[in-house]
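Please take the sequence and the structure below together, and follow the chain from one element to another as the paragraphs lead through them.

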Amino acid sequence: MCSMKINADVYVKDIPGQLVASLEPISTFDGNIIGVVHNREQVISGKILVNIIFDISAENLELLKKEWKARDVVIVNMGEAVENYSMDYMLVGKLNASDIDDMINEISESMEMESVEVGYSASGSKDSRTAMVSVTVRSVNDLRKLDSYFSERTKNAGLTYIRGVDA
């Protein structure tokens, strides 16, 4: 069975034992709890907000939802938790803002980026400028593609690039 990482916000009765009673079915249906945060300041109609991150199969997730409903656990938000991978690249050499735009456009054709931030320094010599490109993607494979892209592209353009440290 394929496991999914789920991020769920639920409301449980704000009485002793209910938090544990809401978590118990996750393990009953072969789920693995990764994190739990309950917010004692978020009480609505005598119920407290709990955020739970857990791994579970799709089949067992449906059984869990039914069990939560039977236990009066109210699901207010549920979705797959998405992991992001970020990397910073410093580019140095003879480049301009349109070169950077071209690079970002080329990258976006081969992968989906969650976010891109660009800082560009044009002060000083026209022969040496600096750009900092911070990219966030959804998979390690896309991170590898980014590394290959910047390595090849900067080599062909006569630029120096420095790859940042994984976050």
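A good place to enter this predicted model is Asp30, which follows helix α1 and has a positive phi, near 60 degrees. From that residue the reader can turn back into the helix itself, which spans residues 18-28 and whose buried residues are Ser22, Leu23, Pro25 and Ile26. Seen down the axis of α1, these buried residues fall within an arc of 145 degrees, so they line one face of the helix. The spacing of such positions has a simple background: an α-helix has 3.6 residues a turn, so residues three or four places apart point the same way. On the other side of α1, Val20 and Thr28 are exposed. What, then, covers the buried residues of α1? The cover includes three strands, β1 (3-13), β2 (32-44) and β3 (47-57), together with helix α2 (58-70).

Helix α1 also takes part in a contact between charged side chains. In general, side chains of opposite charge can pair when their charged atoms come close. The structure holds eight salt bridges, and one of them joins the side chains of Arg71 and Glu24, with an N to O distance of 3.3 Å. This pair links distant parts of the chain, since Arg71 lies in the loop between α2 and β4 while Glu24 belongs to helix α1, 47 residues apart. Arg71 has a relative accessibility of 29% and therefore counts as partly exposed, and Glu24, at 44%, likewise counts as partly exposed. Arg71 also meets the side chain of Glu67 in a salt bridge, here with 2.7 Å from N to O, and Glu67 is partly exposed at 25% relative accessibility.

The loop that holds Arg71 contributes a further charged residue, Asp72, which forms a salt bridge with Lys13, the closest N and O atoms being 3.8 Å apart. Because Asp72 lies in the loop between α2 and β4 (74-80) and Lys13 in strand β1, the pair ties together parts that are 59 residues apart in sequence. Asp72 is partly exposed, with a relative accessible area of 32%, and Lys13 is partly exposed as well, with 37%. Lys13 and Asp72 are linked with Lys47 in a network of salt bridges.

Helix α2 also holds Leu63, a residue that is partly exposed with a relative accessible area of 40%. Leu63 offers a way to step across the model towards the later part of the chain: its C-alpha atom and that of Asp99 are separated by 52 Å, although the two residues are 36 residues apart along the chain.

In that later part lies an open sheet of four strands, in the order β6-β7-β5-β8 and with antiparallel pairing. Its edge strands are β6 (113-121) and β8 (160-163), each of which pairs on one side only, and neighbouring strands of the sheet are turned against each other by 15 degrees on average, direction ignored. Within the sheet, strand β5 (residues 85-93) and strand β7 (residues 129-137) pair in the antiparallel sense over nine bridges, and Thr136 in β7 is the bridge partner of Ser86. Helix α3 (residues 97-110) packs on this sheet, touching β5, β6 and β7, and its direction makes about 165 degrees with that of β6. Helix α4 (residues 140-157) packs on the sheet too, where it touches β5, β7 and β8, and its direction makes about 5 degrees with that of β5.

How values were computed
Residues are numbered from 1 along each chain as its sequence is written. This is a predicted model: local features need pLDDT of at least 70, side-chain atom pairs count only at pLDDT 80 or more; totals for chains, interfaces and linings use all residues. Side-chain values use heavy atoms; hydrogens and water are left out. Two strands pair if DSSP finds at least two bridges between them. Helices (H or I, at least four residues) and strands (E, at least two) are DSSP runs, numbered from the N terminus. Axes are lines fitted to C-alpha atoms, for helices over the stretch in contact, and angles run from 0 to 180 degrees between N-to-C directions. Contact means heavy atoms within 4.5 Å. Buried means under 20% relative accessible area, exposed over 50%, partly exposed in between (1.4 Å probe, protein chains only). The arc is that of the directions from the helix axis to the C-beta atoms. A salt bridge is a side-chain nitrogen of Lys or Arg within 4 Å of a carboxyl oxygen of Asp or Glu.
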